[in-house]
Amino acid sequence: MTIAQSITRRLLAVWGFFAIVFLVFALAAVVMGRQVSPVLFAVLFVLFAGGALYIQFAIRCPRCKGNLGFTIGQAMLPIASRRKPRFCPFCGVSLDEEL
């Protein structure tokens, strides 16, 4: 597995988690008649914020430990830009290198 594949896998997992949280919120809004309980809203907000913090602080370059989550994370997703990053912006290691 390459560094890029590892980063992409982790990002897709978090975005899938975001989708589930959003769907639970939308389903709760439909079921509860658009009056979502403040406790449920707080729990979903904390889960969403936790996912954002995970992207910010846990997705790092394995060589230099630079934050790659928000730096190149969006471009690493399969539905993003055509030009994928090829190097770590902090240390220059190739993202095609094996872990």
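This passage describes the confidence of a predicted model, a nonpolar surface patch and the surroundings of one proline.

The structure is a predicted model. Mean pLDDT for the protein is 88. A value of 70 or more is reached by 98% of the residues. Confidence varies among the elements. Helix 2, which spans residues 38-58, has the highest mean pLDDT, at 91. The lowest mean, 80, belongs to helix 3, residues 69-76.

A nonpolar patch is found on the surface. Four residues form this patch: Phe17, Val39, Val43 and Leu47. Together they have about 330 Å² of accessible area. Helix 2 gives the most to the patch, with 3 residues. One residue of the patch, Leu47, lies in helix 2. The relative accessible area of Leu47 is 36%. Buried residues fall under 20% and exposed residues over 50%, so Leu47 counts as partly exposed. Patch residues need over 30% relative accessible area, and Leu47 has 36%.

Beyond helix 2, the chain runs into a loop that leads to helix 3, and Pro62 is found in this loop. Pro62 has a relative accessible area of 36% and is therefore partly exposed. Its contacts were examined with neighbours within four places in sequence left aside. On this basis, Pro62 is in contact with Ile3 and Leu99. Pro62 and Leu99 are 37 residues apart along the chain. Their C-alpha atoms are separated by 7.7 Å. The loop between helix 2 and helix 3 thus holds a residue, Pro62, that is in contact with Leu99.

Notes:
Residues are numbered from 1 along each chain as its sequence is written. This is a predicted model: local features need pLDDT of at least 70, side-chain atom pairs count only at pLDDT 80 or more; totals for chains, interfaces and linings use all residues. Side-chain values use heavy atoms; hydrogens and water are left out. pLDDT is the predictor's confidence in each residue, from 0 to 100. Helices (H or I, at least four residues) and strands (E, at least two) are DSSP runs, numbered from the N terminus. Patches are made of residues with over 30% relative accessible area and no salt bridge: like charges are joined within 9 Å, nonpolar side chains (Val, Leu, Ile, Met, Phe, Trp, Tyr) within 5 Å. Accessible areas come from the Shrake-Rupley method with a 1.4 Å probe; for residues, only the protein chains shown count as cover. A salt bridge is a side-chain nitrogen of Lys or Arg within 4 Å of a carboxyl oxygen of Asp or Glu. Buried means under 20% relative accessible area, exposed over 50%, partly exposed in between (1.4 Å probe, protein chains only). Contact means heavy atoms within 4.5 Å.
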